[in-house]
Amino acid sequence: MAIISLVSLQGLAQKPVYKASKFSIRSDGKQDNTTSIQGAIDYIAANGGGTLEFSVGRYLTGAVELKSGVNIKLLEGAIIVGSTNIYSYKGHPGIFWAEGQRNILIDGHGVFDGRGAELRENEKAQKSLGHIPENNAVPALMSFKDCEGIVVKGVILRNSAAEIPILSGKAGIEVQNVSIE
């Protein structure tokens, strides 16, 4: 009986909150943080889950794969800024994307800015040079495929390069109080 009580208490324990700065994620809007953000998500996932919290600033990134049990929190004034370099997405369908993952919360009062017009211009230039195929698709702000328990709450979605800012393929997504610009 004591084991059941201990397990129940462990399930109620708060998951840790990790500040983005702990992982050398820069908020200057200039440094590409793709590798640092992915490293933070991978670390949090490997250590039982938790929240990656972004405070005031502009965080430049390309495609980042979300993992089960890792939440993203954007405090007011935090802006995730999509790279305008089409190669930063490596063919992934979203800036933040997940496939086959579960229990991810993206919330706060911050902004996801895909800089869609600039990204589409870069893509067009690369297509005209023959560097990428004509059927290449620009990424959405977020993309989820075959996922469960995904909640996107309170954030602002702005300037998506794709027509639909959140793409879903057979994914259980709940969207609450999200502003789309």
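Reader: Happy to look at this predicted model with you. If buried means under 20% relative accessible area, which salt-bridged residues in helix α3 are both buried?

Author: Good place to start! Helix α3 spans residues 116–128 and holds Lys-127 and Glu-123, four residues apart, about one turn of the helix. Their side chains meet in a salt bridge at 3.4 Å, N to O. The residues that are both buried are Lys-127 and Glu-123.

Reader: How many salt bridges does a search of the whole structure find?

Author: The Lys-127 and Glu-123 pair is one example, and Asp-107 with Lys-73 is another. Over the whole structure, the search finds six.

Reader: Is Asp-107 buried or exposed?

Author: Asp-107 sits in strand β9 and pairs with Lys-73 of strand β6, 34 residues apart. The two side chains meet at 3.6 Å, N to O. Lys-73 counts as partly exposed, at 26% relative accessibility. Asp-107 has a relative accessible area of 14%, below the 20% cut-off, so Asp-107 is buried.

Reader: And which residue does Arg-102 meet in a salt bridge?

Author: Arg-102 lies in strand β9, and its partner lies in strand β12, so the pair ties together parts that are 46 residues apart in sequence. Arg-102 is partly exposed, with a relative accessible area of 45%. The partner also counts as partly exposed, at 48% relative accessibility. At 3.9 Å, N to O, the side chain that meets Arg-102 belongs to Glu-148.

Note on methods. Residues are numbered from 1 along each chain as its sequence is written. This is a predicted model: local features need pLDDT of at least 70, side-chain atom pairs count only at pLDDT 80 or more; totals for chains, interfaces and linings use all residues. Side-chain values use heavy atoms; hydrogens and water are left out. A salt bridge is a side-chain nitrogen of Lys or Arg within 4 Å of a carboxyl oxygen of Asp or Glu. Helices (H or I, at least four residues) and strands (E, at least two) are DSSP runs, numbered from the N terminus. Buried means under 20% relative accessible area, exposed over 50%, partly exposed in between (1.4 Å probe, protein chains only).
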